[in-house]
Each structure stands twice: as structure tokens, then as C-alpha cells.
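Hi,

As promised, here is the structure I have been looking at. Please open it first, and then read my notes below alongside it.

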Amino acid sequence: MQRITILGATGSIGVSTLDVLARHPERYSVYALSAHSRVDELAAQCVRFRPARAVVGDADAAARLRALLRAAGVRTEVEHGERALCAIASAAETDTVMAAIVGAAGLAPTLAAARAGKKVLLANKEALVMSGQLFMDAVRESGAVLLPIDSEHNAIFQCLPQGYGRAPAAAGVTKILLTASGGPFLKRDVATLDGVTPDEACAHPKWVMGRKISVDSATMMNKGLEVIEAHWLFGTPAEQIEVVIHPQSVIHSMVSYSDGSVLAELGNPDMRTPIAHALAYPERIASGVAQLDLTQVGTLQFERPDFERFPCLALAFDALKAGGTAPALLNAANEAAVAAFLDTRIGFRDIARVIARVMDELPHGAAASIEAVMAQDALARAAAGRVIDAIAARAAGGNFSGANTQ
Ligand code: NAD
Ligand code: MG
């Protein structure tokens, strides 16, 4: 019986994880669940899955959850805050941690799971983008098992040979081909992108996801973060990671070998497949996802990404090449800019402008410790806040679309 902690249980990945677990009650039990503010949803999950512990964002949310659980006769222990998240991620009573909090907020508990030597199912790509080498060192030192949930990285993991660790070149790997759907704005006239709304940006053609990652998919920053994620997970240099647009999202990524072979993993676009793969690895279990019918799909298309249309992708490659804390700066500026876009304070194309400006303004340093990374994260958020305020002020003055930050 594997005992599971889900960090971010009420999110898109968290809900899909519980769906897979519920199909296999003889294999899995739920040890702990966390949510930030969706107390009602978390209470319903506690009633159904009876975890020993549940963690929410603050004391108010904890009081509300306790009241709901008491009324339902459920004896889950309720805590709140980051220390409690780290505790449920590293407790002796849990074997496997699904890291599915969105953004930098997930770094501390995900790292706590890695340091405690857990089986870590990594959906929270931002944590790895921020802490790169430090995170991978923690995994190696503790003997944790790190399995990627991001569909592309899960596909690559399945297409890489076993036993080579993070030395893909030794296995004859010449390239990782990271597929991208291109998001909702792949074909839209670039000149109209300044006027798109958060709902339009979140209307992903192939995947149903949380709002932050949906906006990241529309800007293709998601693919940029995934390039950095692939670098750390698989030890592949930036030059050997290629992004390929594949609008059908049937091929989830590919690996090229020196003999000319290209291996791909295919399936219907449903996150329950990589979740089930990682939960059961190295075995296979049913996920609830329908079998792929290629005759229904008919055609698979591929094209190169347009870096002018998607400047965030270029910014991410630059940050990976710059190294050190540059990816942490990129990630923090992006989180701040996406939140401002979702709040309709800045336009869609301002997201890339904010990030570029922060990357220009702030020198990156060595990612020597998690504290150094978190300090850079805070500096980047503050700098992004100033750029966002300037854009929003100019927009209030009547020049919203195409606001130039210079
Ligand atoms: P979501 O917004 O649906 O859910 C986020 C979860 O994190 C929620 O449970 C929320 O309560 C929790 N959370 C939010 N802010 C928090 C905070 N400050 N402190 C603690 N908890 C907080 O997001 P999602 O789409 O499920 O994505 C989760 C992670 O998985 C992201 O890092 C995303 O990039 C990654 N991911 C998602 C998908 C997908 O299909 N949804 C695919 C690949 C990777
Ligand atoms: Mg992905």
C-alpha cells in the first residue's frame, strides 16, 4: 500500500490524481491533502478519502475546514501554513508526494519531500526551474525517486533508456524534441494580441488546466519553463533541446538518437496518463483515459515555433543559458506578470515586456542556496511590480493596448 500526500489537491492536477487513486483503492491510500483557499472542495475530498492530515493557507481557512469536518464526522487533523506543508511532504507516514502546488509557493514543500527521500511526482515545474541544481542535488543526496508528471517530461522519461541517469549523451541521445500545442493564439493575428482577455488566454485548445499554466501556454512561457525543466531532469544542454509545435498534442514529446531513431510517446491529452504512469512506475495501471484512436486523429502536424510571436520562449532559453539565478528571476517576473494580466491590470503582450525589463534590470547571481534563490525571487517580484504599476498607470491614462514600458 503506497501512502500518498497531494500538495495542491484541489487544483487540476490534484483532482486528476485523486481520480486515478480512487480507481485503485487496494494499491493507494491518501495520507495528506493540501489546498490554499478552496476549503469546501478540500472538505469534500477529506470526506471521501479520509486523509490523516489536511493543510490550508491560513488560520481562517483552517477554522472553516475544521468546522466542516467536525460536522461531517471526519477526524482529519487540520493545520495551516508553509511549515505544515513541509511536514506533510516529509512525514515518515508518507511514501509518495504529488507536488502539484502552482508556482514558487510549491518550492519549500517539494524540496522537503526531495530531502526526505520520498518518491516525488513533480508537476510543480516552477520549483525545479527556480532551484535547478540545488533540487537535483537534494534528490541525489537523499536517494529520492523523482518522476516527471509534466506530460512532455513524462513522455521523454518513457523514451529514454533506463540506467543512464542524467547522462543522455552516453546512451546515444542527440536531441530532446519537446512538443508544444502552440496554445490558443498560434494562428491569431499578432497585432490583435494586446486586446485578448484572460478568458480567451485560458481557453486552451487541447488541455484543461489551472489559469496560471493556461496563460503560460498562451505565451509559450510554459514551454520555456519546460525547456529549463528538461535540462535539469535529464541533464540535456540547451542546444540539444528543440521545441516543435504540434497542434494535435497527441505526441507528448520525443527523443532523437545517434542512429537516426526517434522515439515518441503518444496518447490522448489527459494528465491522468502521466499521473498513473508515475504512481505505478515501473508497473502500469488503468488511468481512466480512453485508448488513442489514430484513425480518429487522422493527421499529425509539426512546425517550428515563431520566436517573434512568442517572445517568452526566447526569454526562457536566454535565462537557461545565463544560468545561476536567471531562471528564478524569469519565473518570479512571469508569475507576477501573469497575475497582473489575470487581474486585467496589464495586457497580454505586456507579460513578455515585464519579464524582459526585469531580466535587463536585475543582475543574476550564483544559485548557491535556496535562501539566495528566494531572495532573487523577492527582488524580481518587487521589480516586476514596479514595471506593472507603470504600465497600469499609463493604461489608466488611456494608452492601454501596446503599452510600452520604456
Ligand atoms: P491549479 O491552479 O488548478 O491548482 C493549484 C493548486 O495549488 C491548488 O490546489 C491550490 O490550492 C494550490 N495553491 C495555489 N496557491 C498556493 C499557495 N500560495 N500555497 C499553497 N498552495 C497553493 O494548477 P494546476 O493546473 O493543477 O497546476 C499545478 C502545477 O502543475 C503547476 O506548477 C503547473 O505548471 C503544473 N502542471 C499542470 C498541468 C495541468 O494539466 N494542469 C500540466 C503540467 C504541469
Ligand atoms: Mg507540459
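Which residues does the UniProt annotation "binding site" cover? The entry, which is unreviewed, gives Thr-10, Gly-11, Ser-12, Ile-13, Asn-124, Glu-126 and Gly-210. Please keep in mind that this is a predicted model.

I looked at two of these annotated residues in more detail. Asn-124 sits in the loop between β6 (119–122) and α6. It counts as buried because it has 28 C-beta neighbours inside 10 Å, where 20 or more is the cut-off. Setting aside residues up to four places away in sequence, Asn-124 touches Ala-99, Ala-100, Ile-101, Gly-106 and Thr-110. Glu-126 belongs to helix α6 and is also classed as buried, with 29 C-beta neighbours inside 10 Å. Beyond its neighbours within four places in sequence, Glu-126 is in contact with Gly-103, Ala-104, Gly-106, Leu-225 and Asn-331.

Now to the ligand. Ligand 1 is surrounded by 26 residues, and the closest are Gly-8, Gly-11, Ala-105, Met-209 and Gly-210. Two or more shell residues come from each of α1 (12–22), α6 (125–142) and α9 (211–219), with α1 giving the largest share, three residues. If you are thinking about the chemistry of the shell, it has 12 nonpolar, nine polar and five charged residues. Domain 1 (2–149) and domain 2 (156–297) each supply at least three residues to it.

That brings me to the overall layout. The domain assignment splits the chain into domain 1 (2–149), domain 2 (156–297) and domain 3 (323–396). The centres of domain 1 and domain 3, taken over C-alpha atoms, are 27 Å apart. Their contact involves 10 residues from domain 1 and nine residues from domain 3. On the domain 1 side, α6 gives the largest share, seven residues. By class, that side has five nonpolar, four polar and one charged residues.

UniProt also lists domains of its own, again from an unreviewed entry. Residues 4–132 are listed there as "domain: 1-deoxy-D-xylulose 5-phosphate reductoisomerase N-terminal"; in the model this span is 48% helix and 21% strand, and its end C-alpha atoms lie 24 Å apart. Residues 266–382 are listed as "domain: DXP reductoisomerase C-terminal". That span is 57% helix and 1% strand, with 41 Å between its end C-alpha atoms.

What about the interior? The largest nonpolar core has 123 residues, and the members that touch the most others are Ala-99, Leu-121, Ala-316, Ala-333, Ala-337, Ile-355 and Ala-384. Helix α14 (residues 326–342) gives the largest share of this core, 11 residues. Ala-316, leaving out neighbours within four places in sequence, is in contact with Met-221, Gly-224, Leu-225, Val-227, Ile-228 and Leu-330.

Helix α7 (residues 151–159) deserves a look too. Eight of its nine residues are buried, so the helix is largely enclosed by the rest of the structure. The buried ones are Ser-151, Glu-152, His-153, Asn-154, Ala-155, Ile-156, Phe-157 and Cys-159. Among the elements they pack against are β7 (145–148), β8 (173–180), α10 (221–234) and β10 (251–257).

Finally, some local backbone details you may want to check before any setup:

- The peptide bond from Tyr-281 to Pro-282 is cis, with omega near 5°; Pro-282 is placed in the loop between α11 and α12 (294–297).
- Ser-253, although not a glycine, has a positive phi of about 160°. Ser-253 lies in strand β10 and is buried, with 27 other C-beta atoms within 10 Å.
- Thr-344 also has a positive phi, about 55°, without being a glycine. Thr-344 is in the loop between α14 and α15 and counts as exposed, with 12 C-beta neighbours inside 10 Å.
- Gly-365 is in the loop between α15 (350–361) and α16 (370–396) and is partly exposed, with 15 other C-beta atoms within 10 Å. Gly-365 and Gly-324 are 41 residues apart in sequence, with 5.6 Å from C-alpha to C-alpha.

Best wishes

Definitions and conventions: Residues are numbered from 1 along each chain as its sequence is written. Chains are lettered from A and ligands numbered from 1 in the order in which they are written. This is a predicted model: local features need pLDDT of at least 70, side-chain atom pairs count only at pLDDT 80 or more; totals for chains, interfaces and linings use all residues. A residue is near a molecule or strand if its C-beta atom, placed from the backbone, lies within 6 Å of it. Helices (H or I, at least four residues) and strands (E, at least two) are DSSP runs, numbered from the N terminus. Ala, Val, Leu, Ile, Met, Phe, Trp, Tyr, Cys and Pro count as nonpolar, Asp, Glu, Lys and Arg as charged, and the others, Gly among them, as polar. Domain bounds come from an automatic or database domain assignment. UniProt positions are given in the numbering used here, feature names are shortened, and annotations may be inferred rather than shown by experiment. A nonpolar core is a set of buried Ala, Val, Leu, Ile, Met, Phe, Trp, Tyr and Cys residues joined through C-beta atoms within 7 Å. Two residues are in contact if their C-beta atoms, placed from the backbone, lie within 7 Å.
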